[in-house]
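Work through the exercises below with the sequence and the 3D structure open. Each task is followed by a solution in steps.

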Amino acid sequence: MAQMTMIQAITDALRTELRNDPNVLVFGEDVGVNGGVFRATEGLQKEFGEERVFDTPLAESGIGGLAIGLALQGYRPAMEIQFFGFVYEVMDSISGQMARMRYRSGGRYTSPITIRSPFGGGVHTPEMHADSLEGLMAQQPGVKVVIPSTPYDAKGLLISSIRDNDPVIFLEHMKLYRSFRQEVPEEEYTIPLGKAEVKREGSDLTIVTYGAMVHESLKAAEELEKEGQSVEVIDLRTIMPLDIDTIIASVEKTGRAMVVQEAQRQAGMAAHIIAEINERAILSLEAPVLRVAAPDTVFPFSQAESVWLPNYKDVIETAKKVLEF
Amino acid sequence: MASKSKKTVADAVKQLEKVQDQYETLQILNEEGEVINEAAMPELSDERLQELMKRMVYTRILDQRSISLNRQGRLGFYAPTAGQEASQLGSQFALEKEDFILPGYRDVPQLIWHGLPLHQAFLFSRGHFKGNQIPEGVNVISPQIIIGAQYIQAAGVALGMKKRGAKSVAITYTGDGGASQGDFYEGINFAGAFKAPAIFIVQNNRFAISTPVEKQSAAKTIAQKAVAAGIPGVQVDGMDPLAVYAAVSDARERAVNGEGPTLIETLTYRYGPHTMAGDDPTRYRTTDLDNEWEKKDPLVRFRKFLEKKGLWNEEMENEVIETAKEDIKEAIKKADDTPKQKVTDLMEIMYEEMPNHLQEQYEIYKEKESK
């Protein structure tokens, strides 16, 4: 075991898979000699060579096409989009092409592609760097969307993502890259995609969440405990497909639920999760399922992040509404 | 100093003219089937020349029958190909089996001659997933509907071949309108930066639906767009099968020798509408223009060329026509006999392992389908 930050755990996962499978290729803008703008690919080109880890021209759409073409030749591309706000440039390659490859060819071709990309607020980035666009991705049949919140999860989920034979979008929250360390096994291990984890057990209220909001929810749960409330926090880890079983089992136990996301209220995954709970566990509900989400404006100018981004206080406030309904 | 005469900066207009002048049209056969460029003449045996003619005649019949079957409602989406036989088949004829084709939506003939069974091409037209289940060993992917996407993917396929050390190429096709897309530029630029073995073909048939090529770009040729990627560009007479074959052979040789990609513009024409989905070319094309291009018919000039060499006659042509008609009849029957698609079929081809939500829906549809 070693103490790792999330970014180190990600590098470790990439190294593990580059060693395990000669078909794994890591590429994107500045991921080679530079080691990535966040050092996620630090040292990998040196260890595995330019054939395996390489820079590309500055064109996200081209990078997506490159990944699809390499996959058609039997490679297992792990491509990077420098910031997920730039995904609009490559929406066709992801949603219009690789997501559909297996289906449109009747299983003849596949896209075992992992798209790594940082996102998330709280670190005062310039425009179009921090937007939460996972909701767009989750609406496209054919892809899986993974969002880890801890170093341990990041490594196991990234190894699983790379090994998956269908396209996986692996979103890395920038605020979580180096915010804390955790024990991470040095050997390889996997965490199944599509499986949530109960990060804290409780009996009065279920919080379903993902990304940086996992930590805000855990902090809120601690505060609420001081007031005698027992809150269960579910970290989805994969937002598509959803781990419905874990969510419903928890809601049936607690009778109250809320969903916490960093994305705007009209975006993200919250609405979908609430619909699933309503369809499957309405008879268990003591109160409506409420949402914590950002306002429905464009992502804030960096100085306005603190007043705009949801945080643990918003979680506490909404939790009380649900608990006191 | 103000008094000093202004130093002449680069003459931008002259530079443009110089660039455009580099792209002369490569032609080997004129409209009368006479060889006008002996030096560029590709080495093809008599049998190979006859085979190329057979394929062109066959494909012309396939187009005529496809239009007719579409009108009878026995085919669905269909983009006519008549007029483009030299461009489509002359280029495919220069390929090896190992080469990978990434076609646009009009490029079904290339797939067929690369090994896609005819009945599957018809299933593609009708909208059946079995049409896209390309047989193992046939290196093609189904026709791309998103104009430009095949270009960036071709750069990736070509890079994959280079990494494997394969002596093969990725070849892809778009039209004149497609050369305005971002993915067109990114595709040729990526292939150039990686020195990947790709052949990019632009079939310039002068119209993107109703929009003439002059409204796509102020560039005098599409071939010169290769300059932006720093790769060789060639403009060929796309109604001349030998010129197209020669240009693609040449590009293929450069590619497998590790010299990178080539952009080839073929000047061609579609005699029919854009697609069979209600497009009416008389709204935007003049009869004069149609007549002018009909004189350039690739079949006419290649027929004359072969007849003069004693390699072709009416009997041979009729035999090809009959074979084509028989094959088409059989293929349509085979397409008819293909089982109808079920929702559960569509679910099964989404992922390697069905996620829970889809599994749940699968059970529901399986129940519906059992009734």
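The exercises concern a predicted model, and they go from an annotated domain through a strand and its neighbours to salt bridges and cavities.

**Exercise 1. The annotated domain**

Task: State which residues of chain A the UniProt domain annotation covers, and give the helix and strand content there.

Solution. Step 1: the unreviewed UniProt entry carries the annotation "domain: Transketolase-like pyrimidine-binding", which covers residues 4-179 of chain A. Step 2: over residues 4-179 the chain is 35% helix and 16% strand. Step 3: the C-alpha atoms at the two ends of this stretch are 11 Å apart.

**Exercise 2. A strand and its neighbours**

Task: Decide whether strand β7 (residues 168-173) of chain A is buried or exposed, then find which strands pair with β7(A).

Solution. Step 1: a residue counts as buried under 20% relative accessible area. Six of the six residues of β7(A) are buried, so the strand is largely enclosed by the rest of the structure. Step 2: check each face. A:Val168, A:Phe170 and A:Glu172 lie on one side, A:Ile169, A:Leu171 and A:His173 on the other, and both faces are covered. Step 3: look at the pairing. Strand β5 (residues 114-119) of chain A runs parallel to β7(A) and is joined to it by six bridges; here A:Phe119 stands opposite A:His173. Strand β6 (residues 144-146) of chain A is also parallel to β7(A), with three bridges, and A:Val145 stands opposite A:Ile169. Step 4: follow the chain from β6(A) through α7(A) to β7(A); this β-α-β crossover is right-handed.

**Exercise 3. A salt bridge between distant parts of the sequence**

Task: Explain what the salt bridge between A:Arg237 and A:Asp153 ties together.

Solution. Step 1: the side chains of A:Arg237 and A:Asp153 meet at 3.2 Å, N to O, inside the 4 Å limit for a salt bridge. Step 2: A:Arg237 is in the loop between β11 (231-235) and β12 (238-240) of chain A, and A:Asp153 is in helix α7 (residues 151-163), so the pair links parts that are 84 residues apart in sequence. Step 3: A:Arg237 is buried at 8% relative accessibility, and A:Asp153 is buried at 2%.

**Exercise 4. Salt bridges within helices, and a network**

Task: Place the salt bridges B:Glu51 to B:Arg55 and B:Asp250 to B:Arg254 in their helices, then name the residues of a salt-bridge network in chain A.

Solution. Step 1: the closest N and O atoms of B:Glu51 and B:Arg55 are 2.9 Å apart. Both residues lie in helix α2 (residues 46-71) of chain B, four residues apart, about one turn of the helix. B:Glu51 is partly exposed at 27%, whereas B:Arg55 is buried at 15%. Step 2: for B:Asp250 and B:Arg254 the closest N and O atoms are 3.2 Å apart. This pair lies in helix α9 (residues 241-256) of chain B, four residues apart, and B:Asp250 is partly exposed at 42%. Step 3: the network links A:Asp12, A:Arg15, A:Arg19, A:Glu47 and A:Lys155. Step 4: over all chains the count is 41 salt bridges.

**Exercise 5. The cavities**

Task: How many cavities of 30 Å³ or more does the structure hold, and which residues are closest to the centre of the largest cavity?

Solution. Step 1: there are three such cavities. Step 2: the largest cavity holds about 180 Å³ of space. Step 3: 18 residues line the largest cavity, and the closest to its centre are B:Ser66, B:Tyr78, B:Val108, B:Pro109 and B:Ala121. Step 4: α2, α4 (108-114) and α5 (118-126) of chain B each supply at least two lining residues.

Notes. Residues are numbered from 1 along each chain as its sequence is written. Chains are lettered from A and ligands numbered from 1 in the order in which they are written. This is a predicted model: local features need pLDDT of at least 70, side-chain atom pairs count only at pLDDT 80 or more; totals for chains, interfaces and linings use all residues. Side-chain values use heavy atoms; hydrogens and water are left out. UniProt positions are given in the numbering used here, feature names are shortened, and annotations may be inferred rather than shown by experiment. Buried means under 20% relative accessible area, exposed over 50%, partly exposed in between (1.4 Å probe, protein chains only). Two strands pair if DSSP finds at least two bridges between them. A crossover is right-handed if, with the strands pointing away from the viewer, the path from the first strand over the helix to the second runs clockwise. On a 1 Å grid over the protein atoms alone, a cavity is a set of points where a 1.4 Å probe fits but cannot get out, and a pocket is an open set with protein on both sides within 12 Å along at least five of seven lines; lining residues have an atom within 4 Å of a point. Grid points are joined across faces, edges and corners, and a volume is the space filled by probe spheres set on the points.
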